[in-house]
Amino acid sequence: MRVPSCTVQATPVAAGIAIGRVMLIHSEAQETKNVTITPEMVPAELERFHTALAITKKELQELQEKLRIKLNDSEADIFEAHLLLVDDRTMVAEVERSISEELFDAESAVYRAVDKFAAAFSAVEDAYLQERAVDVRDVGHRIAVNISEVGPQNLVYDEPRIVIASTLTPSETVGMNREKVLGFAVETGSTTSHTAILARSLKLPAVVGLPRQLLDTLTVADKMIIDGFSGKVIINPDAGTEEAYRLKSREAEEIYRQLRGESDLRAVTTDGFSVEIAANVEFQEDYSEIRKNGAGGIGLFRTEFIFMDEKHLPDEDEQFEIYKKLMISAGNDPVTIRTMDIGGDKLNSGIVRSAEQNPFLGLRGIRLCLRERRDLFEMQLRALIRAGVHGNMQIMLPMVSCMDELLETKEIIARQKVELSRRGVPFADSIPLGVMIETPAAAMTADRFAREADFFSIGSNDLIQYTIASDRSNERVAHLYRPAHPAVLRLIKFTVEEAVKQNIPVAVCGQIAEDMSMVPFLLGLGINELSMSSGAMPLVKRLIRSLSMHECGELVGKALLCDNSADVTLLSQEMISRCAPELLDI
């Protein structure tokens, strides 16, 4: 029996329209197993495990190479994290211990280790790192399959369909028949998930946040429309609705064709205000590909993955080579590198020395660097100022909340320059040092910070979360996480005003930088740079070229008088519908 016609709201993660019948993928269970062995069987189980590791590594390397040919280095390097997990000494040691000491068979030991490490990632506050729990399970399942020697089940497609699932791993995503998959609708995930990144690269419309009850009731007889622009999911639409969405799909394709031809145009408002558009870059992404979408630099380079292997933390020279390669690839474009944003809620026990009762308010970012791992921080800063001679670098400090943290970092950098000079090692003598405004404390003391910092970068994800006291990963309070909350706008307004007084630029590198409904407010507040995923750049640049800076300023004035975020968002939508109606639906 078909599900009654209905519409649900999900979260869009890959643009486009998909119309077709559904196909439900039941992810194979990966629950902890408890198959025990005798002591005499330990050597054989260890051998099975290490053989499976070698096979898995070879499979991932082959998959990487296929993706480089099919897509590009940026997407292929998604599996670099998977390869790091295969080689992770802590993960391997945990499986070996489970086999040797707890006497579990190899497959059970792998799943137990995966549960432990995935739980650690799932518990972190950073949504980007939360998504890495999926990668851990993906790699663990691949290893377990190779231990059991039971090959993965191949999906049978009778016609092109929309794939629905509780979750999709990167391996499942790239393993699908592109000609038979119209799009994805998944229960779990986010815009930062590797599956979402791959969906965008494969140009497959995708949404996350599909209600569980739909997964439990949909059958292969049901038809679905996925609106990857708005996040709407329509079940068993009538003929008129289906035709309307087919028309919308054709119109969207035409707009995107036009946008691709505008990538070289600057983001300048109708009254001459210029906004720099930069990229948020993951570990070892290919900047040449990002530049094609119109990036004028890197606004955020995350360094966390450099420190993933807790048994082998990269030394100064290894880090230098990574940063040097990045700087050379960017040429003269500015590159903002965030120092390691690791804390008590993160996985790496090789860096974090003790657990915390409330890690979200504990030793994170600059706090950890200054109070517990100054040795690693000094090493990273030395590597950075050495690599600074190869390009246009800026250094950015995460989770700053008081002036002492900025001043202390300045003193450390000065000492590292003396040390490098003594060693006769070349270094950049003048690298701009900025702070991330991601706590209300930093925003409310922006007047002090602006006197010492060379630039501000607003980390809106955390700023919103800490301001509203709402954990966006907690479904019970996620409805309170609203970027357009008047309190958030007021904090950004004060931050920008104080920066202007000291003539320093302000960037935004959180998700609101690519949120179409937030862009008019960010312009009106006077933001100089927006840093985002490369796929969002053409749309944002077109929107900016359609807006007036003066009118956006007036819009902010109205928004600050609103009582709630819904009224604020409505103001923005009205402006976009008037100035860039072709972008409103996408």
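Guide: A residue is called buried when its relative accessible area is under 20%, exposed when over 50%, and partly exposed in between (1.4 Å probe, protein chains only). What stands above is a predicted model, in which local features need pLDDT of at least 70 and side-chain atom pairs count only at pLDDT 80 or more, while totals for chains, interfaces and linings use all residues. Residues are numbered from 1 along each chain as its sequence is written, and side-chain values use heavy atoms, with hydrogens and water left out.

Visitor: Why is D429 called exposed?
Guide: The relative accessibility of D429 is 57%, and the cut-off for exposed is over 50%, so the word applies.

Visitor: What makes the contact of D429 with K417 a salt bridge?
Guide: The term requires a side-chain nitrogen of Lys or Arg within 4 Å of a carboxyl oxygen of Asp or Glu. The N to O distance between the side chains of D429 and K417 is 3.9 Å, so the pair qualifies. This bridge links distant parts of the chain, since D429 belongs to the loop between α16 (403-423) and β14 (433-437), whereas K417, 12 residues apart from D429, sits in helix α16. Helices (H or I, at least four residues) and strands (E, at least two) are DSSP runs, numbered from the N terminus.

Visitor: How many salt bridges does that rule give?
Guide: The count comes to 36. One of them joins R257 to E254 at 2.7 Å, N to O, with both residues in helix α11 (residues 239-260), three residues apart, about one turn of the helix. An α-helix has 3.6 residues a turn, so residues three or four places apart point the same way. Both ends of this bridge are partly exposed, R257 with a relative accessible area of 49% and E254 at 33% relative accessibility. A network of salt bridges also links E94, R97, E101, E102 and K116.

Visitor: Are R373 and D375, which form a salt bridge, buried or exposed, and how do you know?
Guide: The closest N and O atoms of R373 and D375 are 2.9 Å apart. R373 has a relative accessible area of 7%, so R373 is buried, whereas D375, at 39%, counts as partly exposed.

Visitor: Why is α15 described as largely enclosed?
Guide: In helix α15, 11 of the 14 residues are buried, so the rest of the structure largely encloses this helix. The buried residues include L376, F377, M379, L381 and I385, and also the charged R382 and R386. Among the elements that cover them are α13 (316-330), β12, α14 (366-371), β13 and α16.

Visitor: How do you know what span to expect of α15?
Guide: The expected span of a helix is 1.5 Å times one less than its number of residues. For the 14 residues of α15 this gives 20 Å, and the end C-alpha atoms are 20 Å apart, so the two values agree. Helix α20 (residues 486-501), with 16 residues, reaches 23 Å from its first C-alpha to its last, close to the 22 Å expected.

Visitor: What makes a set of residues a nonpolar core, and which residues have the most contacts inside the largest one?
Guide: A nonpolar core is a set of buried Ala, Val, Leu, Ile, Met, Phe, Trp, Tyr and Cys residues joined through side-chain atoms within 4.5 Å. The largest has 102 residues, and F456, I492 and L530 have the most contacts inside it. Helix α15 gives the most to this core, with seven residues. Another core, of 32 residues, lies apart from it and includes L63, F79, I99 and A118.

Visitor: Why are β1 and β2 placed at the edges of their sheet?
Guide: Two strands pair if DSSP finds at least two bridges between them. The open sheet of eight strands has the order β1-β8-β7-β3-β4-β5-β6-β2, with mixed pairing. β1 (6-9) and β2 (11-14) each have a single partner strand, so one side of each is left without a neighbour in the sheet. Within this sheet, three bridges join strand β7 (residues 223-227) to strand β8 (residues 232-235), which run antiparallel, and the bridge partner of M224 in β8 is I235.

Visitor: How do you know that β12 pairs with β11 and with β13?
Guide: Two bridges join β12 to strand β11 (residues 298-301) and five join β12 to strand β13 (residues 392-397), so both pairs satisfy the requirement. Both pairings are parallel. F301 has I337 in β12 as its bridge partner, and P334 stands opposite N392 in β13. Four of the five residues of β12 (residues 334-338) are buried, so this strand too is largely enclosed by the rest of the structure.

Note on methods:
Contact means heavy atoms within 4.5 Å.
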